[in-house]
Amino acid sequence: MKPKFGIKIKPESTRVSNPNSAEVTPEKSGEIGDIIKLLRPHQWTKNLFCLAGVIFGGRLGEINAIANGILMVVLFSMMASAVYIFNDIQDIDRDRQHPKKRFRPLPSGRVKLTTAKAIGIFLITVSLIGSYNLGIPTFSCLLLYGINNVAYSLKLKNIPLFDVNCIAFGFVLRLLAGIYAVGDTPTAWITLCIFFLTLFQGFAKRRSELLSLLHKHNPIESLEELSPDSLNSTEKPSYLQLFYQRGQNNQQRPVLCHYTLPYLDSLLNSTATMTIMCYSLFTISSGKNTSLVITVPIVYYAVMHYKRIVTVLAAGEEPDRILIEDNSIKISLFLWLVSYLAIVYFDLHIFL
């Protein structure tokens, strides 16, 4: 039985080396369709973190709280799309030289630069005005989110640790804004839990990207070749040489030249541990129902199973795909959500 995840090895003859190859064809779309693609709506699912205050704060029965939570999702999606447009404008010349990205709306010229700028300014203005009407805390979170993403695009994405920390900070701001929007105050432990959880996913993604890059420059036929037995091989890079090699000669993700697999593995270990520890402390030290502690084993299993997917099956480059396709992750999330909501909404008490 073949694993779902892992490095996909393509025969040498199928690799496309010419950016102008006929194998790469542009996607055809109308003007409205191109503008929608420019906004990247498939990325908006990340902003569902803004609903955390409604779901986990016991506000599912309050219409105003639900409305404010949904509004924060919309406002964060608008700001996120504005940031994507900014990124595309910054990278337009580089994307024109890329075999696939050159067919995006801006590099291909299907959306004019002036149109993209106007849309971006409109989205930023509406999102900031909308968040201000919900209060200064939500406005501050959205403003910081925009500043964080601009700093990431201009500089921080090429600085090791800062690159992933910026992404994690963005998720924390989504969480905080969603909680402030419903009139609640976030607890320290759940904030730290989300921070370390998103750090964990971010470093998992970097590990998978680095492994794919190393494979690209040091082709292997199968993962079995990445074993200590290859130490005696003189034809290919040894196991240790490949293991400790940094991701150089990479234009798509330059920051990988500052990482090695062992270093990323250590970051995975520390962030996984901190995630579980912070969540455990949240269940017993944040004024919540202490019976929530029974959900800790579910969280532990989910985190460690995800780590296995990344380190054993060599996946993790597409977190969304893992969450959708891996049955163990889906079952764990379902059990955790049902257990959490049952304890909170039915006020179940198992421990003193």
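Ala-302 is buried, at a relative accessible area of 19%, where buried means under 20%, exposed over 50% and partly exposed in between (1.4 Å probe, protein chains only). Keep in mind that this is a predicted model: local features need pLDDT of at least 70, side-chain atom pairs count only at pLDDT 80 or more, and totals for chains, interfaces and linings use all residues. Residues are numbered from 1 along each chain as its sequence is written, and side-chain values use heavy atoms, with hydrogens and water left out.

Ala-302 sits in helix α11; helices here are DSSP runs (H or I, at least four residues), numbered from the N terminus, while strands are E runs of at least two. Set aside the neighbours within four places in sequence, and Ala-302 is in contact with Ile-329 and Ser-332, contact being heavy atoms within 4.5 Å. The C-alpha atoms of Ala-302 and Ser-332 are 6.1 Å apart, although 30 residues separate the two along the chain. Ala-302 has buried company in α11, including Val-299, Val-303, Tyr-306 and Ile-309.

Here is how two of the helices span, against the expected 1.5 Å times one less than the number of residues.

| Helix | Residues in helix | First to last C-alpha | Expected span |
|---|---|---|---|
| α10 | 25 residues | 35 Å | 36 Å |
| α11 | 16 residues | 22 Å | 22 Å |

Just after α10 comes Gly-287, with a positive phi near 75°.

Now for the packing. A nonpolar core is a set of buried Ala, Val, Leu, Ile, Met, Phe, Trp, Tyr and Cys residues joined through side-chain atoms within 4.5 Å. The largest one has 41 residues, and Phe-203, Leu-210, Tyr-259, Tyr-279 and Tyr-306 have the most contacts inside it. Helices α7, α8, α10, α11 and α13 each supply at least two residues of this core. The top contributor is α8, with 11 residues. Another core, of 29 residues, lies apart from it and includes Leu-39, Tyr-84, Leu-106 and Ala-177.

What about charged side chains? Arg-206, in helix α8, is buried, with a relative accessible area of just 1%. Its side chain makes a polar contact with the side chain of Asp-163 at 2.7 Å. A polar contact is a pair of N or O atoms within 3.5 Å; within protein, one must be able to donate a hydrogen and the other to accept it, and residues adjacent in sequence count only if both atoms are side-chain atoms. Beyond four places in sequence, the contacts of Arg-206 include Tyr-152, Ile-167, Arg-253 and Tyr-259. Elsewhere, Arg-174 lies over the face of Phe-171, 4.6 Å from the ring centre; the test is NZ of Lys or CZ of Arg within 6 Å of the ring centre and within 35 degrees of the ring normal.

On to the rings: the structure holds 11 aromatic pairs. Rings of Phe, Tyr and Trp (its six-membered ring) pair if their centres lie within 6.5 Å, and planes under 30 degrees apart count as stacked, over 60 as edge-to-face and the rest as tilted. Phe-56 and Tyr-340 form an edge-to-face pair, 5.0 Å centre to centre with 85° between the planes. They are 284 residues apart, with Phe-56 in the loop between α2 and α3 and Tyr-340 in α13. Phe-56 is partly exposed at 23% relative accessible area, whereas Tyr-340 is buried at 2%. Tyr-340 also pairs with Trp-336: the centres are 5.6 Å apart and the planes at 45°, so this pair is tilted. Trp-336 and Tyr-340 are about one helical turn apart because they are 4 residues apart in α13. Ring pairs link Phe-56, Tyr-279, Phe-282, Trp-336 and Tyr-340 into a cluster.
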